[in-house]
Amino acid sequence: MVPASLYLGFAASIIWVGEGTYLTAAALSHASNHKLHEGTVIGSFNGEFWGMFASHQFVGNLITLAVLKDDKGGSTSGTTLLFIVFLGVITLGTILMCFLRKEEDKGEKETADASVNFYSYLVSLSKSITTLLADVRMLLIIPLFAYSGLQQAFVWAEFTKEIVTPALGVSGVGGAMAVYGAFDAICSLAAGRLTTGLPSITFIVSGGAIAQVVVFLWILINYSVTSGVLGTLYPLIMAALLGIGDGVLNTQLSALLGILFKHDTEGAFAQLKVWQCASIAVVFFIGPYISLQAMLIVMVVGICVALVGILFLTIQVEKAFYSPRS
C-alpha cells in the first residue's frame, strides 16, 4: 500500500497544480478576449469547475450506497464491483485530459521554442518558491490553505467514522456523503457566480466558515447518537453544512490565487497543495491518538486563525497592492 500511496500522491499533485494553472490561464484568456472583469471570470470558471468536481461526490456516493451492502457479522459486500466502476471512470477522465490544449500567442510560442535546460528550470523553480514564501499575501493565505486540508480530512476520517457510521451504518456513509457532495456542488456554482474580487472572496469564505463552525460546536457541545428519524437526519444536516463550507473554500481559494498570483500560478497552486496535503496528512497521522473533542478544538482554532489571516489580507494588504497611487 505504501508504494501505491506514494504514486497516487505524486500523480495527484501534478494534476491539481496543472488544473489550477490551466483554469486560471483559460479564465484570463477568456476575460481578455471578451473584455470582461478578470475577477468575475476567474470566479465563474472556478465555480463551474468545482461544481462539476463536487458533483462526483454526489454521484459517486450514490453509486457506493447502491453497490455496498452490510452483511451479517459486520462485513461489507460489493467492494470489487465498486472498484471496477471507479477504475472505468478514472480511465475515462485520463483520456479526456489528453484533449486539453493551451492557447498561445506568437510571443508565447517563441518562448516555448527556446531551449531551456533542466538546471535553469530548477533555479527558476527554487526562485519562485522562495519569492512566494517571502510574499506577505502568501503568508496570510497559508493558514487558510492548511485549514482547507484539515476540514477535508476531518470529513473523510473523523466525521464518517465517529458521526455517520454509528448513526447510519457503513452503507449509510455513501448517502451522507452524497448529501455532502450535492451541497458542495451547489455552493461551488453559487460562490463562483458571486466572486468579483478579494472583498467578495473574504465575505463568501466567512460564510462558509460559519457553516462549518456550527457543525464543530454542535458536535463538541451537544451531540449524541440517537435513534429514529432525528438520528438519521442530524448527520445529513451536518454533512450538508460541511459540504457548503468545502464548496466555498475550494472555489474561493482557487479564485484568490488566480487573482493575486496570475503571473506565477504554478508556484501559487503548488503552495496550496503543499500546505493542504500536509494538513491532511497530519489529521490522518494524529487522528488515532487524540479524541474527537480534541480534533474539533483544533478545527475551531484553525478556522479562526485562517479567518484572521484573510481578513487582514483584505483590510491591509489589498490597499498596498490595489489602491491608486498618487
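**Exposed loop, nonpolar core and annotated spans in a predicted model**

R101 is exposed, because its relative accessibility is 59% and the cut-off for exposed is over 50%. The model is predicted. R101 sits in the loop between α3 (79–97) and α4 (106–113). Its C-alpha atom lies 9.0 Å from that of Y22. In sequence, R101 and Y22 are 79 residues apart.

The protein chain holds 11 helices and 2 strands. Read from the N terminus, the order of elements is α-α-β-β-α-α-α-α-α-α-α-α-α. The two strands thus follow the second helix in this order. The chain has 326 residues, and 41% of them are buried. Contacts with a separation of 6 or more were also examined. Of these, 80% join residues 24 or more positions apart. The exposed area of the protein chain is about 17,700 Å². Carbon and sulfur atoms supply 71% of that area.

The largest nonpolar core contains 62 residues. Within it, F154 and F159 touch the most other members. Eight helices each supply at least two residues of this core: α1 (2–34), α2 (38–67), α6 (136–168), α7 (172–194), α8 (198–222), α9 (228–260), α10 (265–286) and α11 (292–322). The largest share comes from α6, with 14 residues. Contacts of F154 were then listed without its neighbours within four places in sequence. F154 is in contact with F159, F216, I219, V283, L292, M295, L296 and M299.

The UniProt record, an unreviewed entry, lists several spans as "transmembrane region". These are residues 6–28, 49–68, 80–100, 136–157, 163–186, 198–221, 233–260 and 296–315. Two of the spans were examined further. Residues 136–157 are 100% helix and 0% strand. The end C-alpha atoms of this span lie 33 Å apart. Residues 198–221 are likewise 100% helix and 0% strand. Here the end C-alpha atoms are 34 Å apart.

A nonpolar patch was found on the surface. V282, F285, I286, Y289 and I290 make up this patch, which covers about 530 Å². V282 belongs to helix α10. V282 counts as partly exposed because its relative accessibility is 41%, and that class lies between the 20% and 50% cut-offs. Helix α10 (265–286) therefore holds a residue of the surface patch, V282, and also supplies at least two residues of the largest nonpolar core.

Terms used: Residues are numbered from 1 along each chain as its sequence is written. This is a predicted model: local features need pLDDT of at least 70, side-chain atom pairs count only at pLDDT 80 or more; totals for chains, interfaces and linings use all residues. Side-chain values use heavy atoms; hydrogens and water are left out. A nonpolar core is a set of buried Ala, Val, Leu, Ile, Met, Phe, Trp, Tyr and Cys residues joined through side-chain atoms within 4.5 Å. Buried means under 20% relative accessible area, exposed over 50%, partly exposed in between (1.4 Å probe, protein chains only). Helices (H or I, at least four residues) and strands (E, at least two) are DSSP runs, numbered from the N terminus. Contact means heavy atoms within 4.5 Å. UniProt positions are given in the numbering used here, feature names are shortened, and annotations may be inferred rather than shown by experiment. Patches are made of residues with over 30% relative accessible area and no salt bridge: like charges are joined within 9 Å, nonpolar side chains (Val, Leu, Ile, Met, Phe, Trp, Tyr) within 5 Å. Accessible areas come from the Shrake-Rupley method with a 1.4 Å probe; for residues, only the protein chains shown count as cover. A salt bridge is a side-chain nitrogen of Lys or Arg within 4 Å of a carboxyl oxygen of Asp or Glu.
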